[in-house]
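Visitor: Hello! I am new to this structure, so could you show it to me and let me ask a few things?

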Amino acid sequence: MTKERLVVIGNGMAGCRAVQEVLKRDPGRYDITIFGAEPRVNYDRIMLSPVLAGEKSFADIVINDEAWYADNGIDLRAGARVEVIDREARLVRAADGTEAPYDRLILATGSDPIRLPLPGADLAGVVTFRDLDDVEAMIAAAKPGAKAVVIGGGLLGIEAAYGLSKRGMGATVVHLMDVLMERQLDASAGFLLTEALAEKGVETVLEAQSEEILGANGRVSGLRLKDGRVLDCDLLVMAVGIRPNGTLAKAAELEVNRGVVVDDSLRTSDPAIYAIGECVEHRGQCYGLVAPIWEMCRTLGEALTDGEAAYEGSSLSTRLKVSGVDVFSAGKHLGGPGCEDIVFRDAGRGVYKRIVLEEGKVAGAVLFGDASDGGWYFDLMKSGEDVAAFRETLVFGQAATEGLRGLDPSAAVAAMADTAEVCGCNGVCKGEITAAITDQGLTTLESVRAVTKASASCGTCTPLVEKLLKLSLGAAFQVQTGPKPVCGCTHHGHDDVRRRILAEELKSIPAVMQALEWTTPDGCASCRPALNYYLVCAWPGDYRDDRQSRFVNERVHANIQKDGTYSVVPRMWGGVTSADELRAIADVVDKFDIPTVKVTGGQRIDLLGVKKDDLPAVWADLNAAGMVSGHAYAKGLRTVKTCVGTDWCRFGTQDSTGLGVRLEKFMWGSWSPAKVKLAVSGCPRNCAEATCKDIGVICVDSGYEIHVGGAAGLHIKGTEVLAKVATEDEAVWTICAVMQFYREDAWYLERVYKWMERIGLGAIKAAVEDPERRRALYDRFSYSQRFYRVDPWAERVAGRDAHEFNPLSRRMEFA
Amino acid sequence: MNALVKDPIMWTDVGAVTDVPLRGSRRVPTADGDIAIFRTGDGRVFALRDRCPHKGGPLSQGIVHGHAVTCPLHNWSIELATGEAMGADRGKGCAPVVPLEVRDGRLLLGRI
């Protein structure tokens, strides 16, 4: 009996693996012919990245050598590109004219890399990253010192950039989105990846749209981005994705959507023809990773040997193959409705883990820095095992979970060996801690910290140390409450956070969250504005303000009202205005139909009920009349209220108006932990009510009394006298120094009087009485003001943050 | 093959996914009030009626964190996937979810 003829189009990983699956089950069943367009044997395409990086050679990644084809009697037609499938005659014809008749045909034509249709895309030195030819072209171009740009910050693009950098090129990844590998990673892991790549010499440009490939003498010389930036390069790699190759199938009039459509037994619309791999569309899904393709091949092996199997789609997991950067992602790594997150960060080791649970089962995971448990989470995810019983230890991985399963947490601590390390920061073992507790009679967390240093640094091991105390002391131990945490996302207090931002030079919110091991992916509405302020204060000029971490009022530079409209308060320096300003305000009120105009307690005019869309136009008119933002919405300097002083008043002792205007012109625009209001009164009759302000000045004949810590809101509190100075200059220096001390030391949302209650008037006095400290504080304030003394209204009139004020679309306005 | 059966909805293209800032929101005015479209830190998008169930505050102006938004008026946190109030306010109200689809990087809002 003659054998059935099995023809495979595609000598890649899928085609050969399918043949192997058939041979494994029924080696003698078919006469097999494989057509391959590349003139090579079958190799492991996913290992091209290590070949590019010089970590492997081509020989290392060959899967099936020539002997395999010969031993199994396979007729390999390498270098023969099939051009026609004749379904009537059941034969295929290659470009070289050779033909092969089939009884069953497998399409394994794979996919093509997407080439962006950019101007200049046909220049020499513009390549994709798909096959060995591409890799060889890249290696040829990779002269040390030369520059490469890779468009596409997905898995392939990053691997390409890393490989080129290993070859000595300067490599830059240009990515359209704001997070690398956004289909696999969340923003936290994406941030860490960006940092890790930078350490390996790969730069990242995010949110960058490519516009044109520039060339000289027919060769690529650079890439121009839409924002006008030009990145010079000698090699440009497009790694923006793949497109299933269905050309042949389409020509043969098989059903093709995005890919060649197959059913659960991988059969196309012609029952004699099957398809597998990246050219396939199964249940609407196309795959570009190897694991699902292996699953398809198994199913097809069964189907072609009369077995019963159905392919039902695959769960996906991804690993980045960059040496020293451990990244794993699987399933619903971004969570979703009804999902909860378990987040673990270990700043010391640069680890971030996010496990997504849904109905008590693992639904997805993102691991960065330590992906060794990726397989375990993926198995838990696929098996759908209920993890409720061990969710406490789940995030610590398989070893910790299996080791501790069934033990209650105290028993687990008791079961720890004396040599087990408890505090990783200071290298303290369990034995040292228990010995210190019993030998020295320690009873509090603080005393354990003082004696052993355990839990004295990052604080992650605090719960463990507390359990040890409890274990040793029994009921005698009372849990101490440490500094109040910033919010539920962290156990760190405000002081801790501020200290470490400076000590470790943390300059972005993700950097702080990683270093201090935040327990949520991107914080909450309490901690994000606090962190943003701490960074603004710590790194003036350096830190890029995160608008999404600001409360709406500070984002749109106006005060939101109960009906969603806004109020606008132009600045009136020291409370002084003019006929021109008042006329301009009146015109704005008429022009924009502003319903309420109100005089405020801080000597300003408040325009209430302005529609959000009108804000930039309102500001433009106020700007035109010389007025700037009054920051009535800011955790920052609000107003300096004054009386008329020596200019007019018969009791005035100094130029209180002048001092108020001077203070306001110097201090406006500064951000602070909470709002700050000032006042300057020209005599002790105190018409400017300076003694209930955050900082107040009472002018007297001999000079200026500087007051601090008053309040007249939720609480009523008179100020305390901080200092008495002789000259106006000294008054300004002292006030700015207090302001800076408050900016640097207070907790976010802590008003000056609350801060003073906490640290004591003495501490503030000490700061401004020491001339060197006062000078240093003043200098830091003045440096910071170089960056923040700008009118946010004018910036927005000029077009900044336009999206904040315009609706996304007006297409649904009229039903 | 398995043709997807769509609800009888009219979809309107209201812009690109990337027009909505990460951890931010944009609003779309309609004849019956604004719709808020949110984009979370991990790149997912959600749409709700732009009215807090508490006192009608514009949720589109709140701080987006995790898969939630905190209303700018009185700090209620609303779960973006369901529109439900979270935490202590759970069960006290809900901002209606609006059908939203992403196709080829475009945001499509549904009208039922």
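Visitor: In what order do the strands of the open sheet of 5 strands in chain A run?

Guide: Happy to help; please keep in mind that this is a predicted model. The sheet is open and its pairing is antiparallel. From one strand to the next, the twist averages 15 degrees. Read across the sheet, the order is β23-β24-β27-β26-β25.

Visitor: Which strands of chain A are the edge strands?

Guide: Look for strands that pair on one side only. Two strands fit, one covering residues 317-319 and the other 339-346. They are β23 and β25 of chain A.

Visitor: What is the bridge partner of G331(A) in β27(A)?

Guide: Strand β24 of chain A spans residues 327-331, and β27 of chain A spans 361-368. These two strands pair in the antiparallel sense over 5 bridges. In β27(A), the partner of G331(A) is G364(A).

Visitor: At what angle to β27(A) does helix α9 of chain A run?

Guide: Helix α9 takes in residues 374-383 of chain A. The helix lies across β23, β24, β26 and β27. Its angle to β27(A) is about 160 degrees.

Visitor: How does L118(A) count in terms of exposure?

Guide: L118(A) sits in the loop between β10 and β11 of chain A. A residue is buried with 20 or more other C-beta atoms within 10 Å and exposed with 12 or fewer. L118(A) has 18 such neighbours inside 10 Å, so it counts as partly exposed.

Visitor: What separates the C-alpha atoms of L118(A) and E212(A)?

Guide: Leaving aside neighbours within four places in sequence, L118(A) is in contact with S210(A), E212(A) and I213(A). Along the chain, L118(A) and E212(A) are 94 residues apart. Their C-alpha atoms are separated by 5.6 Å.

Definitions and conventions. Residues numbered from 1 in each chain as written. Chains lettered and ligands numbered in written order. Predicted model: local features only at pLDDT ≥ 70, side-chain atom pairs only at ≥ 80, totals over all residues. Pairing = 2+ DSSP bridges. Helix = DSSP H or I, 4+ residues; strand = E, 2+ residues; numbered from the N terminus. Axes fitted to C-alpha atoms, helices over the stretch in contact; angles between N-to-C directions. Contact = placed C-beta atoms within 7 Å.
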